[in-house]
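Student: I have a structure on my screen and would like to go through it. Could we start with how its parts are named?

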Amino acid sequence: MSGYATHEVTNQPGELVNFNAYTTDAALRAAIEVFGAGWAEDRLHACGARVGSAQVQDLARIANRCVPELHTHDRFGHRIDMVEFSPAWHELMGMIRADGVHALGWTAARPGGHVARAGLSYLWAQGEAGVGCPAVMTFAAIAALRHQPEALAKYQDKILSPGYDPRPLPSEQKTALGVAMALTEKQGGSDLRQTQSVAVAAGDGTWRLTGHKWFFSVPTSDLFLTLARAPGGVSCFLAQGWRDDASRNFLLLQRLKDKCGNRSNASAEVEFRGLEAVMLGEEGHGIRLVLEMAHLTRLECALGSAALMRQTVALAIHHATHRRAFGHRLVNQPLMANVLADLALESEAAMWLAMRAAAALDAAPRDATERVLNRVLAPLAKYFVCKRAPVVAAEAMECHGGNGYVEEDVLARLYRDAPVNGLWEGSGNVICLDVLRALAREPEAAGLLRAEIALAAGRHPALDAWLRTAAPEPQERNARRLAEHLALGLAASLLLRHAPPGIAAAFCAARLNGAAGMTFGTLPEGVDPRAIIRRAAAAEPY
């Protein structure tokens, strides 16, 4: 075969694999300690080694290439409505369940449990983001099931089990259960008040649902929550995927969505044909109930987007460290260093925002202030971080040049995945309106958030100037400006309190002072890009 070689391949960086995604992330380690989850260090260390391994990275590649396939009928013509996944998907699902991403916030039973779970989720989103969807829906379902103690008692142990059981069987016959949501309909999208599916009481305490759902992610789940219009209004229901006689419940999988990204995970369009279900909570209060669950999944969107930013930036730094151009390594070229450092600042700020929201969720049951902040920080982080992820992914791809613009490179997958968290659980406008709603319904929220930001007063003139500036009026037309204003102030405060001084000062100068331009790579004079890049690298860049 040597006769076929025309040249020696040089100046190619190679794969970034077999590293520990936790121990090489100084910012994440700091956040875990600051927010009270240091007791989970060993667990996070093990998870970081797993998601950075060549094995998981290869499984992720396969799961996204060998996408789910819908089989509506068997070869004899029987309706089966089954989805076939790659074996790589099932292996990854077993790993993420074993790591407790779906459960730790509920099972830890100690302060910092939700922070530790958020850290695990952040790490796993850098392994394979697709399996994070079923994990977080299973996690968030506990919030809804608490409104029906009987259902919670029946299913909780198997939902929180570290095992994974993909067999299409009734829940009673399984060792572990996964939970999903089927909420949106064609005519409504995020406006759940437009729900047209109909629920009719069966007379035995159960209901029969008829209707159409436009997006049902993970339709192979054992249990799922859905909305339908009962006589008393839109209500929340819990259904099993398989009935007690081992037949499929009365839902038909019409098709799988051919999505831009998140391709390893199946999302379906379904019809209910007398679906057997039980009501959760009060009749007519279904939207309020599912929004409790959505609050948790919105936090997960922020964590997932922050993790994607972390992964793309680490890949860009790795590429630039091992690639030479014009006689020098790219990482040492002043302009490239400016770009990489700018991306790293954005990534770290996103992580601190998302983890601070997780800390508020964790402390809310014990602290009245954190309860109020929990309500506003999740949508605030979700909006801002998810908006930044696609532009970070695009810039990181540009750092790779043509090498990043081919399907063999993980950047192509991450670029396609980048918009999904901005769409899932409410697009940008919906989330900004939720920020306004939180500020209106919690009168103390604005003051408490400002007090949180003011904890860093006196540490940088740009933040002090921000504190003297009036926030945009909390009106609908200003909702995006207000959310961005608050997110930048909080990110700056968190960095000033918890990150190295050079990182925080650079962020304040670039994001609050207006000293930088509108694109990445425009950090002002006085910023040391080498120190910023060194902190963000998944392997030593110098």
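Tutor: Helices and strands here are DSSP runs, a helix having at least four residues and a strand at least two, and they are numbered from the N terminus. Please keep in mind that this is a predicted model.

Student: Let us try that on a residue, then. Where is Asp81 placed?

Tutor: Asp81 belongs to strand β2, which covers residues 79-84.

Student: Buried or exposed, that Asp81?

Tutor: Asp81 counts as buried, because its relative accessibility is 4% and buried means under 20%.

Student: And what is the phi of Asp81 near?

Tutor: The phi of Asp81 is near 50°, a positive value in a residue other than glycine. As background, most residues other than glycine have a negative phi.

Student: What about Phe326, then: where is that found?

Tutor: Phe326 lies in the loop between β10 (324-325) and β11 (328-329). Phe326 is not a glycine either, yet its phi is positive, about 55°. With 80% relative accessibility, Phe326 counts as exposed, since the cut-off for exposed is over 50%.

Student: Moving on to strands. Which strand pairs with β4 over 4 bridges?

Tutor: Strand β4 (residues 198-201) pairs with strand β5 (residues 207-217), and the sense is antiparallel. Val198 has Thr210 in β5 as its bridge partner, while Ala201 has Trp207.

Student: How many residues sit between the strands in that hairpin of β4 and β5?

Tutor: There are 5 residues between the strands of this hairpin, and Gly203 takes a positive phi there, near 90°.

Student: Which strand does β5 join through 9 bridges?

Tutor: That is strand β9 (residues 267-280), which runs antiparallel to β5. One opposite pair is His212 and Glu271, the latter in β9.

Student: Next, β6. Why is it described as largely enclosed?

Tutor: Strand β6 (residues 223-230) has 7 of its 8 residues buried, so the rest of the structure largely encloses it.

Student: Which strands pair with β6?

Tutor: Strand β3 (residues 179-182) pairs with β6 in the parallel sense over 4 bridges, and Met181 has Leu225 of β6 as its bridge partner. Strand β7 (residues 233-240) pairs with β6 in the antiparallel sense over 8 bridges. Here Phe224 stands opposite Ala239 of β7, and a hairpin of 2 residues joins β6 to β7.

Student: Now the interior. How many residues are in the largest nonpolar core?

Tutor: The largest nonpolar core has 191 residues, and Trp124 and Met355 have the most contacts inside it. Helix α10 (residues 334-363) gives the largest share of this core, 20 residues.

Student: What is Trp124 in contact with, leaving aside its neighbours within four places in sequence?

Tutor: With those neighbours left aside, the contacts of Trp124 include Cys47, Val51, Leu92, Ile96 and Val131. Arg50 and Asp99 are also among them.

Student: Is there empty space inside as well? How many cavities of 30 Å³ or more are counted?

Tutor: The count is 5 cavities of 30 Å³ or more. The largest cavity holds about 120 Å³ of space. It is lined by 14 residues, and Arg310, Ala344, Ser347, Glu348 and Ala536 are the closest to its centre.

Student: Which helix gives the most to that lining of the largest cavity?

Tutor: Helix α10 gives the most, with 5 residues. By class, the lining of the largest cavity has 9 nonpolar, 1 polar and 4 charged residues.

Student: You mentioned Ser347. Where is its place?

Tutor: Ser347 is in helix α10. Ser347 counts as buried because its relative accessibility is 5%. Leaving aside neighbours within four places in sequence, Ser347 is in contact with Met309, Arg310 and Val313.

Student: Last topic: pockets. What volume does the second largest pocket have?

Tutor: The volume of the second largest pocket is about 750 Å³. Its lining has 32 residues, with Glu15, Leu315, Glu408, Asp409 and Val410 nearest the centre. The elements that give two or more residues to this lining are α3 (54-65), α9 (286-322) and α12 (410-417).

Student: And by class, what does the lining of the second largest pocket have?

Tutor: The lining of the second largest pocket has 11 nonpolar, 11 polar and 10 charged residues.

Terms used:
Residues numbered from 1 in each chain as written. Predicted model: local features only at pLDDT ≥ 70, side-chain atom pairs only at ≥ 80, totals over all residues. Heavy atoms only, no water. 1 Å grid on protein atoms, 1.4 Å probe; cavity = no way out; pocket = protein on both sides within 12 Å on 5 of 7 lines; lining within 4 Å. Points joined across faces, edges and corners; volume = space filled by probe spheres on them. Nonpolar A, V, L, I, M, F, W, Y, C, P; charged D, E, K, R; others polar. Pairing = 2+ DSSP bridges. Core = buried A, V, L, I, M, F, W, Y, C linked by side-chain atoms within 4.5 Å. Buried < 20%, exposed > 50% of the residue type's maximum accessible area, 1.4 Å probe, protein only. Contact = heavy atoms within 4.5 Å.
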